[in-house]
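Hi there,

Here is the structure I promised to pass on to you. Have a look at it first, and then read my notes below with the picture open beside them.

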Amino acid sequence: MCGEETALLNSIEGKRGEVRTRPPYPAQQGLFNRPTVVNNVETLACVPWVVEHGGDAFAKLGDRRRATAASWYARQCLQPAGPYEVECGTPLSKVIDELGQGFKKKVKKAPHIGGPLGGIVPMDAINALSIDFESFQKEGFLLGHASVLSIPEDFPMVEYLEHLFQFTAVESCGKCFPCRIGSKRGEELLNAARTKDQKIDRVLFNDLVETMEIGSLCALGGGLPLGVKNALQYFRNELDAYFIEQ
Ligand code: SF4
């Protein structure tokens, strides 16, 4: 949970790793109330290249806000597991098929891109995507930190969604109730549907997902709904059996 920058700052200060309410943002009032810039490893990994080639050359690479993107691939997903570093704008299919030599057999159900809070992409949408934020956003997905794993063909989507809610429940810092309670209720609903054939009220489930999306304080609770909504849209044939329309 301390991957969230304000929870990280709290943790460094010896406090519980809970997300802080913003504003003030860390750049205004961060570690020990001092202005603080928090960079992730991906950003820092660009520094040697910038030092060697200069800022102007860096800005000319792909997207100006994020000139390079590193894609990490879950082991066993592509033929050689990553990481790969490519310029923004590189077609996703090129990364998967040329650098990764394609998905391994039996894991071609759907790539989940951008981490557990990223989007679940149907295979036939891959060709419309390139490694940049805009292309993913336009198609209703999320590049996130650009990791890719692929869901095995024989893995039920309902169980995968249950796993995502469970992940969020375990990682939740507990500060806001949409994430703290919503993730647990979602996990319970999906588990009961999967193991006890208890149908899920679709309106109730959609309410839960929407409450998490708009009411969560940070990207953990607020990010989970995207992949869930992708799955409900693109894997309707498989998931409809677990829901009832009231
Ligand atoms: S969304 Fe989850 S992790 Fe983020 S502040 Fe709320 S409870 Fe904490």
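The notes below go through what I found, one part at a time.

Please keep in mind that this is a predicted model. Let's begin with the overall layout. The protein splits into domain 1, covering 47–151, and domain 2, covering 157–244. Where they meet, 11 residues of domain 1 are in contact with 12 residues of domain 2. What kinds of residue does domain 1 bring to the side that touches domain 2? That side has 7 nonpolar and 4 polar residues, and no charged ones.

Next comes the sheet. Three strands make up an open sheet, in the order β4-β3-β5, and their pairing is antiparallel. At the edges you will find β4 (119–120) and β5 (148–151), each pairing on one side only. Strand β3 (residues 110–113) is joined to β4 by 2 bridges. If you want to find one of these partners yourself, look at Ile113, whose bridge partner in β4 is Gly119. As background, the strands of a sheet pair through backbone hydrogen bonds, and they can do so in a parallel or an antiparallel way.

Now for the core. The largest nonpolar core has 51 residues, and the members that touch the most others are Met157, Val158, Leu161, Ala231 and Leu239. Which elements give two or more residues to this core? They are α5 (92–99), β3, β5, α7 (157–171), α8, α9 (202–215) and α10. Each of the two domains supplies at least three residues to this core. Val158 is a good residue to click on: leaving aside residues up to four places away in sequence, Val158 touches Leu190, Ala193, Arg194, Leu239 and Tyr242.

There is also a ligand to look at. Around the ligand are 14 residues, of which Cys173, Cys176, Cys179, Cys218 and Gly221 come nearest. Helices α8 and α10 (219–234) each supply at least two residues of this shell. By class, the shell has 8 nonpolar, 4 polar and 2 charged residues.

Finally, a single residue to practise on. Lys184 lies in helix α8, which spans residues 177–196. Is Lys184 buried, exposed or partly exposed? Lys184 has 16 other C-beta atoms within 10 Å, so Lys184 is partly exposed; a buried residue would need 20 or more, and an exposed one 12 or fewer. You can also find Ser172, which is 12 residues from Lys184 along the chain, with 9.8 Å between their C-alpha atoms.

Enjoy exploring, and write back with any questions!

Best wishes

Methods:
Residues are numbered from 1 along each chain as its sequence is written. This is a predicted model: local features need pLDDT of at least 70, side-chain atom pairs count only at pLDDT 80 or more; totals for chains, interfaces and linings use all residues. Domain bounds come from an automatic or database domain assignment. Two residues are in contact if their C-beta atoms, placed from the backbone, lie within 7 Å. Ala, Val, Leu, Ile, Met, Phe, Trp, Tyr, Cys and Pro count as nonpolar, Asp, Glu, Lys and Arg as charged, and the others, Gly among them, as polar. Helices (H or I, at least four residues) and strands (E, at least two) are DSSP runs, numbered from the N terminus. A residue is near a molecule or strand if its C-beta atom, placed from the backbone, lies within 6 Å of it. Two strands pair if DSSP finds at least two bridges between them. A nonpolar core is a set of buried Ala, Val, Leu, Ile, Met, Phe, Trp, Tyr and Cys residues joined through C-beta atoms within 7 Å.
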